Amino acid sequence: METERFEALIDAILAIIITIIVLEIPLASAGTWEALFELKYEFAIYAISFIVCFNFWNFNNNLFAIVNKIDHKVIWTMGITLFVFSLLPYLTTFVAENFYLFFPQLLYGLCFIVTAILSKLISKFLKESDPANIALQLALEKDYIFAMTIVLAVIGIIIGYFAYPPAIIICCLLSIIAMWIVPKFINN
């Protein structure tokens, strides 16, 4: 199967997710800096969720630019991944309203972990569905970034459970930063 329509579907779903996240940001109760500052957690978690969405889109956009064909395993695994990822607007609001509580932060971290596991599966299925594509095989050869994401999220969950719940979302953000920085050092 060709990938253009599939890529368009992924783009559309991510655009909807980002739109819902934006619409969930509450309005300031008054037209003052103080009222706006009261929404600091909502804006912080929105910014992190936007970065998460953009990173997911950017990764998949770059990946599918070299994919020639996909099969049903790729489609269904990406569908499940998008379903899990579509929980992000709800989790963003849940964390924003309960920023220092462990459970909302835990759910946000688990969304990250499940998305990383499913992305690793998608990589495996892409390699299987397009085995003659050397560029794809090379691009997916070192898929340690998914493991790195999982490890950082788990570290955040442990710190969050024992000491500081926002460590979970901080570690999720750090995993995105590491995803783009670490390969530069490894490949040099």
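So, how many cavities of 30 Å³ or more does the count come to here? It comes to 2. Before I go on, a reminder that this is a predicted model, so please keep that in mind while you look at the structure.

Let's take the largest cavity. Its volume is about 250 Å³. There are 19 residues lining it, and if you want to find its centre on your screen, look for N55, F56, T115, S119 and M179, which lie nearest to that point.

Which helices should you look at? Four of them, α3 (40-64), α6 (102-129), α8 (144-162) and α9 (167-187), each put at least two residues into the lining of the largest cavity. The top contributor is α6, which gives 7 residues. And what sort of residues are we talking about? By class, the lining of the largest cavity has 12 nonpolar and 7 polar residues, and no charged ones.

Okay, on to the second largest cavity. This one holds about 50 Å³ of space. I can read you its whole lining: E7, I10, D11, W57, N60, N61 and F64.

Helix-wise, α1 (4-23) and α3 each bring at least two residues to the lining of this second largest cavity. Here α3 gives the most, with 4 residues. You'll remember α3 from a minute ago, as it also supplies at least two residues to the lining of the largest cavity.

And the classes for the second largest cavity? Its lining divides into 3 nonpolar, 2 polar and 2 charged residues. Charged residues do turn up in this lining, then, while the largest cavity has none in its lining.

That's my tour, thanks.

Key
Residues are numbered from 1 along each chain as its sequence is written. This is a predicted model: local features need pLDDT of at least 70, side-chain atom pairs count only at pLDDT 80 or more; totals for chains, interfaces and linings use all residues. Side-chain values use heavy atoms; hydrogens and water are left out. On a 1 Å grid over the protein atoms alone, a cavity is a set of points where a 1.4 Å probe fits but cannot get out, and a pocket is an open set with protein on both sides within 12 Å along at least five of seven lines; lining residues have an atom within 4 Å of a point. Grid points are joined across faces, edges and corners, and a volume is the space filled by probe spheres set on the points. Ala, Val, Leu, Ile, Met, Phe, Trp, Tyr, Cys and Pro count as nonpolar, Asp, Glu, Lys and Arg as charged, and the others, Gly among them, as polar.
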